[in-house]
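Trainee: Please give me a close look at one part of this model, and then lead on from there to what lies around it. I am new to the structure, so explain each term when you use it.

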Amino acid sequence: MAAPPLHLIGIYPGSFDPLTNGHLDLIARGSRMVQRLIVAVLKNDSKRALFSVEERMEILAEVVRPYPNVEVGSFDGLLVDYAASRGANLILRGIRAISDYEYELQMALMNRRLKPELETAFLMAGEAYSFISSHLVKEVVSLGGDVSGLVPPTVEQRLKARMKRKE
Ligand code: PNS
C-alpha cells in the first residue's frame with residue numbers, strides 16, 4: 001500500500017459565476033487542509049455567463065489575497081488533466097444538500113475512473129450558506145433583489161454596476 005502523500009495540493013474547480021460567500025467559505029476551510037489550494041475557473045464560453053472568465057479570476061484573486069497558500073487558475077478540457085499539470089493530488093468540492101450529491105458523485109466517480117490517484121474530498125457547506133447558489137444569486141439580482149451578505153462585497157458592487165448598465 002502506498003504511503004499517504006506528505007504534501008497535499010488541492011484543486012477547487014468550479015464556474016464561480018459569480019463567486020458566492022459559500023464558495024469563499026469553502027476556500028477558507030479548504031486552505032487549512034492542504035499545503036496549497038488552487039481555485040480553478042472553468043473556461044466555458046456560455047452565452048449565459050454573467051462574468052467573463054477574466055472577471056471571475058480577477059474577483060477570485062481579490063478575495064483570496066488573505067490566504068497565502070491559495071492561488072487562482074483557469075482551465076479548459078478535462079479537470080484531471082489540469083490537476084495533473086498543476087501537481088494537484090486532491091479535488092475539493094462542496095456539498096450543500098442531498099440534491100448536490102448525485103451530480104457530485106457522478107463527477108467524482110468519472111474523475112476517479114480517468115485518474116484513480118486523484119482523490120475527491122467533499123466539504124459540507126456551512127449551514128449559513130447551504131441555500132446560496134450562483135444561479136439563484138443571478139436570478140435575484142436580475143429581478144432587482146438584494147444579495148448583500150450572500151456574495152463578497154466586490155461581487156455585489158460588480159453586480160450592481162452590471163445591472164445599472166442594463167437599465
Ligand atoms: O461550479 P460547477 O459549474 O458546478 O463546476 C463544475 C466543474 C467545473 C467542476 C465541472 O464541470 C468540470 O470539472 N468540468 C471540466 C470537464 C471535465 O473534466 N469533465 C469530466 C469529469 S466530470
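Trainee: Which backbone atom lies 2.8 Å from a polar atom of the side chain of Asn89?

Mentor: The backbone oxygen of His7 lies at that distance from the side chain of Asn89. Before going on, note that this is a predicted model, in which local features need pLDDT of at least 70 and side-chain atom pairs count only at pLDDT 80 or more, while totals for chains, interfaces and linings use all residues. Residues are numbered from 1 along each chain as its sequence is written, and side-chain values use heavy atoms, with hydrogens and water left out.

The pair is a polar contact, that is, two N or O atoms within 3.5 Å; within protein, one must be able to donate a hydrogen and the other to accept it, and residues adjacent in sequence count only if both atoms are side-chain atoms. The side chain of Asn89 has a further partner, since one of its polar atoms lies 2.7 Å from the backbone nitrogen of Ile9. Asn89 and His7 are 82 residues apart along the chain, and their C-alpha atoms are separated by 8.6 Å. Asn89 itself is found in the loop between α3 (79-85) and β4. Helices (H or I, at least four residues) and strands (E, at least two) are DSSP runs, numbered from the N terminus. Asn89 counts as partly exposed because its relative accessibility is 21%; buried means under 20% relative accessible area, exposed over 50%, and partly exposed in between (1.4 Å probe, protein chains only).

From that loop the path leads to strand β4 (residues 90-95), where Arg93 has its place. Arg93 counts as buried, at 17% relative accessibility. Its side chain is joined to that of Glu104 by a polar contact of 2.7 Å. Arg93 also faces the ligand: one of its polar side-chain atoms lies 3.0 Å from a ligand oxygen atom. Two other residues have such a pair: a polar side-chain atom of Ser15 lies 2.6 Å from an oxygen atom of the ligand, and for Tyr103 the distance is 3.5 Å. The protein covers 74% of the 550 Å² of accessible area that the ligand has on its own; these areas come from the Shrake-Rupley method with a 1.4 Å probe, and for residues, only the protein chains shown count as cover.

The shell around the ligand holds residues with a heavy atom within 4 Å of it. Among them are Pro13, Gly14, Leu42, Phe75 and Asn111. They divide into seven nonpolar, four polar and one charged; Ala, Val, Leu, Ile, Met, Phe, Trp, Tyr, Cys and Pro count as nonpolar, Asp, Glu, Lys and Arg as charged, and the others, Gly among them, as polar. β1 (9-14) and α4 (98-114) each supply at least two residues of this shell, and α4 gives the most, with three. One of the shell residues is Met107, which has its place in helix α4. Met107 counts as partly exposed, at 27% relative accessibility. Its C-alpha atom is separated by 9.3 Å from that of Thr120, 13 residues apart along the chain.

The space taken by the ligand is the largest pocket. On a 1 Å grid over the protein atoms alone, a pocket is an open set of points with protein on both sides within 12 Å along at least five of seven lines, whereas a cavity is a set of points where a 1.4 Å probe fits but cannot get out; lining residues have an atom within 4 Å of a point. A molecule sits in a cavity or pocket if more than half of its atoms lie within 2 Å of its grid points.

Ser15 brings us to the backbone that follows. Phe16 is found in the loop between β1 and α1, and its phi is near 50°, a positive value in a residue other than glycine. Phe16 counts as buried, at 3% relative accessibility. In that loop, too, is Pro18, and the peptide bond from Asp17 to Pro18 is cis, with omega near 0°. As a general background, most residues other than glycine have a negative phi, and most peptide bonds are trans.

Next comes α1 (21-31). At its start, a side-chain oxygen of Thr20 reaches to within 3.2 Å of the backbone nitrogen of Gly22. Nine of the eleven residues of α1 are buried, so this helix is largely enclosed by the rest of the structure. The buried ones include Asn21, His23, Asp25 and Leu26. Leu26 has a relative accessible area of 4%.
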